[in-house]
Amino acid sequence: MLMRDFILWLSTKKRVTSAIARRGMKQGFARRFVAGETLAEAIAAAQPLGRAGYGVILNHLGENVSTREQAEAARSSYIAMLAALEKAKLAGNISLKPTQLGLDLNQDLCLALSIEIAEEAKRLGRTIEIDMEASAYTDRTLAIFSAVQRRVGNAGIALQAYLRRSEADLDRLAPLGPKIRLVKGAYRESKIIAFPSKPEVDANYRQLLTRMLGPENKSGIFAAIGTHDPEMIDHARHLINENDLKRTHYEFQMIYGIRRDLQRQLLAEGHPIHIYIPFGADWCPYFMRRLAERPANSWFVLRSLLAESKAEEKDA
Ligand code: FDA
């Protein structure tokens with residue numbers, strides 16, 4: 001837990017992130033988790049996955065925009081991503097981050113842009129999903145999701161099992177018949193609102209999953225199982241078998257580049273599985289969160305940075 005906190009803290013330090021950002025794509029280490037900086041690179045990464053039978057979820061990295069123009073540019077980027085999925089005939093959708101669509105500036109602006117994107121997706125027969133960011137945004141994100149879902153009807157939302165409130169949120173959202181992506185949660189939160197230990201988070205994940213993958217999907221929810229944790233995946237498999245759930249009621253979701261062995265295994269077993277593919281120039285905070293999840297991943301970044309500074313010293 002300490003290492004996770006340390007990396008999450010580092011991810012807020014501009015000097016560290018800009019050193020990584022300068023080098024990450026050039027040296028290739030960021031490509032392990034980020035498909036590239038452009039939409040064309042993301043589509044190129046998605047194509048082999050699509051051919052193999054995976055669905056894809058595109059995410060344009062970037063968060064906490066500070067002007068209306070930036071929020072509108074993000075909206076246009078998501079609409080371009082939908083067009084690119086169509087053109088490439090890829091099965092899948094897009095996932096929005098509310099703070100990238102201006103949630104810090106104005107909730108109505110964020111809602112209006114989200115509706116525009118959802119309507120364009122609907123016109124193309126596609127869906128959208130909404131990421132869940134840090135807890136300061138949970139209420140507003142749920143309000144935006146509920147409004148989009150009521151109005152357009154093609155939205156999904158991520159819920160975080162580390163938050164104590166998520167069970168109540170699940171109950172509140174169920175009447176909307178939504179798609180819910182259950183994840184453990186990736187931000188630094190206080191133990192007042194979040195379960196502090198992995199066993200507690202895992203126990204809550206299991207419990208929420210049991211509710212979402214209930215008999216004959218009585219839950220009224222389309223369950224997206226967003227985890228790389230073999231134990232959570234086994235629990236999901238067990239519920240799917242026991243309750244004889246059809247592919248129309250659930251899917252697995254995993255992040256690009258993480259546990260590709262498990263991705264292949266689930267696909268081979270015949271489960272629907274979507275790969276969440278992030279791309280974009282502003283990839284550093286996202287990348288640092290992936291490192292924090294698994295500090296062992298940090299070594300390959302440090303090794304790579306060290307190798308470059310040694311080479312620079314030699315050249316000097
Ligand atoms: P956990 O961290 O408990 O680890 C269990 C095992 O998974 C590890 O032992 C290892 O085998 C594997 N693993 C996990 N992370 C790894 C990594 N980085 N590298 C290598 N192996 C790894 N969060 C959020 O707050 N809001 C959101 O909207 C989303 N959206 C989202 C979409 C999708 C499709 C996924 C899969 C995840 C998210 N997340 C997220 C992130 C999520 O909250 C969580 O931080 C990560 O998925 C890590 O938790 P796990 O359940 O995967 O495993």
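How far does a polar side-chain atom of histidine 228 lie from an oxygen atom of the ligand? The distance is 2.7 Å, and the views below, all taken from a predicted model, begin with the surroundings of this ligand.

**View 1. The ligand and its polar contacts.** Histidine 228, whose polar side-chain atom lies 2.7 Å from a ligand oxygen, is joined in this view by arginine 259, where a polar side-chain atom is 2.8 Å from an oxygen atom of the ligand. Arginine 181 also takes part, since an N or O atom in the side chain of arginine 181 is 3.0 Å from a nitrogen atom of the ligand. Taken alone, the ligand exposes 930 Å², and the protein buries 89% of that area.

**View 2. The shell of residues around the ligand.** The elements that contribute two or more residues to this shell are the strands β4 (155-160), β5 (179-183) and β7 (250-255), together with the helix α11 (284-293). Among the contributors, β7 gives the most, with three residues. There are 25 residues around the ligand, and those that come nearest are Met132, Lys184, Gly185, Thr227 and His228. Sorted by class, the shell consists of nine nonpolar, seven polar and nine charged residues.

**View 3. A salt bridge between two loops.** The side chains of lysine 184 and aspartate 229 meet in a salt bridge, with 2.6 Å from N to O. Lysine 184 belongs to the loop between β5 and α8 (198-212), while aspartate 229 belongs to the loop between β6 (222-226) and α9 (230-242), so this pair ties together parts that are 45 residues apart in sequence. Aspartate 229 has a relative accessibility of 12% and therefore counts as buried, the limit being under 20%. Lysine 184 was also named in the previous view, as one of the residues that come nearest to the ligand.

**View 4. A salt bridge within helix α9.** Here the side chains of aspartate 234 and arginine 237 meet at 2.6 Å, N to O, in a salt bridge. Because the two residues are three residues apart in helix α9, aspartate 234 and arginine 237 are separated by about one helical turn. The partners can also be described by their accessibility: aspartate 234 counts as partly exposed at 44% relative accessibility, whereas arginine 237 is buried, with a relative accessible area of 16%.

**View 5. Arginine 259, its salt bridge and its backbone.** Arginine 259 lies in the loop between β7 and α10 (260-268), and its side chain meets that of aspartate 261 in a salt bridge of 2.9 Å, N to O. Both partners are partly exposed, arginine 259 with a relative accessible area of 34% and aspartate 261 at 37% relative accessibility. The backbone deserves attention too, for the phi of arginine 259 is near 50 degrees, a positive value in a residue other than glycine. Most residues other than glycine have a negative phi. Arginine 259 is also a ligand contact, with a polar side-chain atom 2.8 Å from a ligand oxygen.

**View 6. Lysine 89 in its loop.** A second residue with a positive phi is lysine 89, where the angle is about 55 degrees although the residue is not a glycine. Lysine 89 is found in the loop between α4 (68-87) and β2 (92-96), and it is exposed, with a relative accessible area of 76%.

**View 7. Strand β5 and its partner β4.** The strands β4 and β5 pair in the parallel sense over five bridges, and within this pairing valine 183 of β5 is the bridge partner of glutamine 160. Four of the five residues of β5 are buried, so the strand is largely enclosed by the rest of the structure. A network of salt bridges links Lys97, Glu129, Asp131, Lys179, Arg181 and Glu251, and the structure as a whole holds 23 salt bridges.

**View 8. Asparagine 204 and a backbone oxygen.** Asparagine 204 is found in helix α8, and its side chain reaches the backbone oxygen of alanine 161 at 2.8 Å. With a relative accessibility of 7%, asparagine 204 counts as buried.

**View 9. Alanine 44 and alanine 88.** Alanine 44 lies in helix α3, which covers residues 39-52, and at 46% relative accessibility alanine 44 counts as partly exposed. Alanine 44 and alanine 88 are 44 residues apart along the chain, and their C-alpha atoms are separated by 9.4 Å.

Methods: Residues numbered from 1 in each chain as written. Predicted model: local features only at pLDDT ≥ 70, side-chain atom pairs only at ≥ 80, totals over all residues. Heavy atoms only, no water. Buried < 20%, exposed > 50% of the residue type's maximum accessible area, 1.4 Å probe, protein only. Near = heavy atom within 4 Å. Polar contact = N/O pair within 3.5 Å; in protein donor to acceptor, adjacent residues only side chain to side chain. Areas by Shrake-Rupley, 256 points an atom, 1.4 Å probe, with all protein chains shown as cover. Nonpolar A, V, L, I, M, F, W, Y, C, P; charged D, E, K, R; others polar. Salt bridge = Lys/Arg side-chain N within 4 Å of Asp/Glu carboxyl O. Pairing = 2+ DSSP bridges.
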